[in-house]
Structures are given as structure tokens and as C-alpha cells.
Amino acid sequence: MLEVRDLVKRFKVKGPGRKLVHAVEGVSFSIPEGETLGLVGESGCGKSTIARSVMRIYEPTSGSVLIDGVDITHLGERELKPVRKRMQMIFQDPYASLNARMKVRDIIAEPLAAHRMGGSRAETDEAVRAMLEHVGLGRQHMNRYPHEFSGGQRQRIGIARALVLKPELLICDEPISALDVSIQAQVVNLLKKIQSENGISYLFIAHDLAMVRYVSHTVGVMYLGRIVEKCESAEIYKRPLHPYTQGLLDSIPSPRPAPHGVEKAASIEGDIPSPISPPPGCAFHTRCRYAKDVCREAIPVLKAVEAGHEVACHLF
Ligand code: SF4
């Protein structure tokens, strides 16, 4: 459904000099129909830039984005419009991503109007009502404003708005990060139910590894603009190979503390370096306890070390 090939996105830094933010550096992945790729990593690792580049909110610096085998990277606005209908986005902040001055009915109907798919007012009302019910809300919510809803309900409205065009690809950019923990599971279960009913493909971006495990078929771990490990969801949690992935997994709090005398593996120390001047060689070498000379000089390439398990590390 979606294929991203060697995507690069750099931003110019305002001010003197010709500094660049290296947000995404040569990322490739694909998502089959009806499956979910989870992208995880710390803030600033380039996850959201990938999402926005796929949606063509950002123009990629180089590389390509293909939908169903069609390269959309350089399509103009007019050619892009029918493609946009096929891929929609759910945003992180359900408070900022809904227009506070619009009623729920108009928020959900807006994409239909933009793509001239609404029909008569009664038909649009019916489409909005059906979509609200699909996400666990109802007709009685149509004439209310976003401020009258809880965070979880607002995110359901955002999901309804994204689904009303019947997209084939949904980009979920940290859709649960701003929600209470008790609500996160509800929204994730809703997304899973929608996928099983409609066969939609998801690019699911999050920094919560536990939640990504639950929703994803495949997981890609990102560090400073690159994917450093990618494999089936179950495999990455069972046998993480990259030192960064191991550190991320070790940092998940456990409900069962290690028995007395058993030492927990060390989690990652220090901060993610600036994407304006990423470290040479492996960008993780400044925080990696296994770093050796070659790590400071050569960028490790993402390659399959076992069937379906790709890692970018000089240890492999
Ligand atoms: Fe650590 Fe070297 Fe592997 Fe990078 S390439 S993760 S620094 S061992």
C-alpha cells in the first residue's frame, strides 16, 4: 500500500550560516494492505517528519513515496488531491487539531465538502452520523463543540474525520500520547477494530513501545533520522539486537521488579544529539556502551541479519 524509498528530509536553519537540520536520512520501508508499521524512537528522531513527508505536508529533500506503486513524490496539487483522499492523518493533540469554533457535524463533514463527496445536506448528515457511531459516539454529539468533549472523545472525533473519506492508509502521528493512560487503550482498541473491519493500513507513530507492540505487525526503531532496527513486532520484543532498541526496551517500567540481587540491564544514558550536527559514523556511538573505533567513522547500513530482521550496527 505504502512504500517509502530512501527518504531524506533536511530543513534549513534560520539565521547566519548554512546549517541544516538532518531530520530524516535515507529511510526506506513498506506497509502491505491491512497491516500496521509502528515507528518508535525518542522525540526529535524524525518520526513525525516521515509522516508529514508521506502526506506531502513537507516536500521530501530526496527519495520517493509510492502509494499502490504510484510515485506521488512530485505530483502537483491537482494530481495530489485524489491521492490525499486515500490517505488521512490522525494528529497527536486532540485539543489543537479540532477547530474550536466548528460543530462536530461540520468538522467531520469538512473533508467530504473539500472532495465534493458530501451530496445533499441530509446525505452528509447521514454520513456524519454513521461515522460517529463507527467510532463509538452518536447522533446526539453532532451539534456540540469540541470543548464539550473529553480528550478521548475528541480523538474519536479526529478519527471519524479521518475515516469519513474511507481512506486506505491512515497515518497515526502519536494519536494516544496526549491522552490519559486509561483512555489510551480505548483509542488503540478502536483503531484495531477499524483496521480489522475495513482493511486499512496504518503507519503508527509513538514513543510508547508497549503500545506499539500491541498494534503493529512490523516495528521500525528510529534514532536521529534513521531506522536502526526493523522486524516483526513479536520478534523485536523477544530478541532486540540493536543496542538502542535494547536500551529502549529496558527503560519500559515493569510491574514486577527484578528479584533481589538480579541486576537490570542498563538503560540508555545521555540525551539524543542535535540533528543539526549529528555525530559522525553511527549516530548512537555517543551513548552506546559497545562503541568501537569503526562506529565513530562509518555509518552502519541497515541490513538483514536474519530472515525479516534488519539491523544497522557494526556488531552485526
Ligand atoms: Fe553501538 Fe557501534 Fe552498533 Fe552504533 S554501530 S549501535 S555505536 S556498536
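Biologist: How many residues of the shell around the ligand are nonpolar?
Modeller: This is a predicted model, in which local features need pLDDT of at least 70 and side-chain atom pairs pLDDT 80 or more, while totals for chains, interfaces and linings use all residues. Residues are numbered from 1 along each chain as its sequence is written, and side-chain values use heavy atoms, without hydrogens or water. The residues around the ligand (a heavy atom within 4 Å of it) include His242, Cys282, Phe284 and Leu315. No residue of this shell is charged (Asp, Glu, Lys, Arg) and three are polar (those in neither other class), while the number of nonpolar ones (Ala, Val, Leu, Ile, Met, Phe, Trp, Tyr, Cys, Pro) is nine.

Biologist: Why is strand 10 largely enclosed by the rest of the structure?
Modeller: Strand 10 (a DSSP run of E, at least two residues) covers residues 226-232. It is largely enclosed because the number of buried residues (under 20% relative accessible area, 1.4 Å probe, protein chains only) among its seven is five.

Biologist: Which residue of strand 10 is the bridge partner of Met222?
Modeller: Strand 9, residues 218-223, pairs with strand 10 (at least two DSSP bridges) in the antiparallel sense over six bridges. Within strand 10, the partner of Met222 is Ile227.

Biologist: What is the phi of Leu224?
Modeller: Leu224 lies in the loop between strand 9 and strand 10, and its relative accessible area of 5% makes it buried. Most residues other than glycine have a negative phi. That of Leu224 is positive, near 45 degrees.

Notes. Buried < 20%, exposed > 50% of the residue type's maximum accessible area, 1.4 Å probe, protein only. Helix = DSSP H or I, 4+ residues; strand = E, 2+ residues; numbered from the N terminus.
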